[in-house]
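Visitor: I'd like to learn how to read the empty spaces and a helix in a model like this. Could you walk me through it?

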Amino acid sequence: MHEKLIEQFNLRSRLRFNIDSGHIWLGENRMLMFHAQAFGALRKELFDSLGAKRAKGVLLRMGFASGRHDAELAGKLSNQLNAYDAFQIGPELHAFEGLVKPTILDAKIDWERGTFCGEVLWENSWEAESHVQHFGVGDDVACWSLVGYASGYSSYFLKRFIVFREVECTGKGDPRCLIVGKPAEDWKFDDDYLDYFRPDNVECKLRQLQEDVRQLKATLSAQQGPGGQLVGNSPAFRSAFDLVNKAAKSPISVLLLGETGAGKEMFARWLHDHSDRADQPFVAINCAAIPHDLIESELFGVQKGAYTGAQHSRPGRFERANGGTLFLDEVGDLSPAAQVKLLRVLQTGEIERLGDDQTRKVNVRLVAATNVNLQQAIAEGRFRADLYYRLATYPVTIPPLRERKADIPLLATALVDKIAPTYHKKIEGITDRAMQALLAHDWPGNVRELENLIERGVLLAEPGGQIELEHLFASGAPGNQHGAEIGREGFVADLAESNRGRLYEALLDEGFDLDAHERRLVELAVRRANGNLTHAARLLGITRRQLAYRLKQDANAAG
């Protein structure tokens, strides 16, 4: 069955090695290759530092998580299998990963009712070998992470809590390792075995505190509205955030500089939310999105009868923001006339509605933003120098996302948590390969582009699943580096040869015509060699005489 499954699902082709980038992939999951001795030393340290009971629990829960990950992978491989054959992929994956060689001795499964009883023989358990090496043969079983794996894998497939227990182990002198599994409620435990599946009390309390903090943050975020929370911890982000933080409690005007989509409005909202004006209005206007002939009325308001169609007086954004904060986005696109009026407001604290000669006092904290080089605009006569110096009292440059890539995992996770509820979905995060693709992208659209991709990913991901690489990029992932496969003989293939193999597979999928492809390759080689048959033959790896013969055959076939 082992070779049959390996062959049927082409597991070897799903395991990719890319030494240049330092990645090993099994499907969407990043894998690690450890020295068994080094991992055994870590295992020993867990026993020495935590004590036997807590160490066993940590190992079992770690294995449980690993089993669930492999069960997800097996589920994706098993579309054309019956349920039992699909379930058997798990033991094959366990062996494939070099942990143990399992053989299912007995399995009574009712998929409809969710009942299960299984018995599995283990050979060559790395964990039993390591335990004996470090502690000698003892009185207890040793394969805790492997038992956790079997429990996690089976629980995922059966959609209920399946508990495996090791009943024989070479770590305690038995001739073999043997495990038995069934639903938790069917066991008659006379000890505290189930406690190993539960986090320690201290850990439970910490997790509860973390959950309380998460819920509090979510509540505050909902109260603040969209963009009310800044996320990041990279040096570039911290530099910008520290400047904004120092200005928050002061009345100083702030000029936010940065590329489109870098998050300037989010910084502006944070400034307002953490200022003394937080309980007053936050009003935003995108100066580039409003025609020049309307921007003045939008900013300063309109008096009834000011122009044809002005049937009612209405306040502008300055009046609506009175007492609070006005955010002028893309201020570099203001018309010359609007610039003059804006400068006057900043100098006097007074505004005049369009068509009115009455002045109105306003108390507004101004935050402006632009992606335009204002000094260059001044030199070209497109922006007033005196207005620039009024606005640029306290400039803060928001770094583009490509300069703060260390923040991408934090941002992506926060965006999943924000977006998933709007689609009534629970998403279990982002796969390793998908996250690597996000980190490899150049992000010309910055945080806004990331938000759009995450929303696409949430929409396409399965409920309860993870966002995968194919869910994110409609036109293929940027910087998606494939790795070399492992061949039938167990050796890692050459990367160039592996790439050629994928090319051949793609050609076969399209419907392959060998003669047609050979003719096209010959024509291409001759073209590249500018008609020099000797050079063309060298490109094709054949002799000049062989090439001439093929060309003659093609000419005869065409004639």
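Visitor: Let's start with a cavity. Which residues line the second largest cavity?

Guide: Keep in mind that this is a predicted model. A cavity is a space where a 1.4 Å probe fits but cannot get out, so we read it through the residues around it. Here the lining is Leu 230, Val 231, Phe 237, Ala 262, Gly 263, Met 266, Phe 267, Arg 404, Leu 411 and Val 447. The volume of this second largest cavity is about 60 Å³, and by class its lining has eight nonpolar, one polar and one charged residues.

Visitor: Leu 411 is in that list. Which residues of helix 17 are buried?

Guide: For a helix, look at the burial of each residue and then at where the buried ones sit around the axis. In helix 17, Leu 411 is buried along with Ile 408, Ala 412, Leu 415, Val 416 and Ile 419. They lie on the same side of the helix, because they cover an arc of only 135° around its axis.

Visitor: What do those buried residues pack against?

Guide: Helix 18 (432–440) and helix 19 (446–460). As for the length of helix 17, its twelve residues (408–419) reach 16 Å from first C-alpha to last, close to the 16 Å expected at 1.5 Å a residue.

Visitor: Back to the cavities. How many of 30 Å³ or more does a search of the whole structure find?

Guide: Three. The largest cavity holds about 160 Å³ of space. Of its 19 lining residues, Pro 91, Val 120, Ala 150, Ser 154 and Phe 164 are the closest to the centre.

Visitor: Which element gives the largest share of that lining?

Guide: Strand 5, with five residues. At least two residues each come from helix 6, strand 4 (101–110), strand 5 (115–123) and helix 8. Sorted by class, the lining of the largest cavity has 13 nonpolar, four polar and two charged residues.

Visitor: And how do I read a pocket?

Guide: Much the same way, except that a pocket is an open set of points. Take the second largest pocket, with about 1000 Å³ of space. It is lined by 32 residues, and those closest to its centre are Met 31, Leu 32, Phe 34, Glu 97 and Leu 99. Among the elements giving two or more residues are strand 1 (15–18), strand 2 (23–26) and helix 3 (36–50).

Visitor: Which element supplies most to the lining of that pocket, and how do its residues divide by class?

Guide: Helix 4 gives the largest share, seven residues. The lining of the second largest pocket divides into 18 nonpolar, ten polar and four charged residues.

Note on methods: Residues are numbered from 1 along each chain as its sequence is written. This is a predicted model: local features need pLDDT of at least 70, side-chain atom pairs count only at pLDDT 80 or more; totals for chains, interfaces and linings use all residues. Side-chain values use heavy atoms; hydrogens and water are left out. Helices (H or I, at least four residues) and strands (E, at least two) are DSSP runs, numbered from the N terminus. The expected span of a helix is 1.5 Å times one less than its number of residues. Buried means under 20% relative accessible area, exposed over 50%, partly exposed in between (1.4 Å probe, protein chains only). The arc is that of the directions from the helix axis to the C-beta atoms. Contact means heavy atoms within 4.5 Å. On a 1 Å grid over the protein atoms alone, a cavity is a set of points where a 1.4 Å probe fits but cannot get out, and a pocket is an open set with protein on both sides within 12 Å along at least five of seven lines; lining residues have an atom within 4 Å of a point. Grid points are joined across faces, edges and corners, and a volume is the space filled by probe spheres set on the points. Ala, Val, Leu, Ile, Met, Phe, Trp, Tyr, Cys and Pro count as nonpolar, Asp, Glu, Lys and Arg as charged, and the others, Gly among them, as polar.
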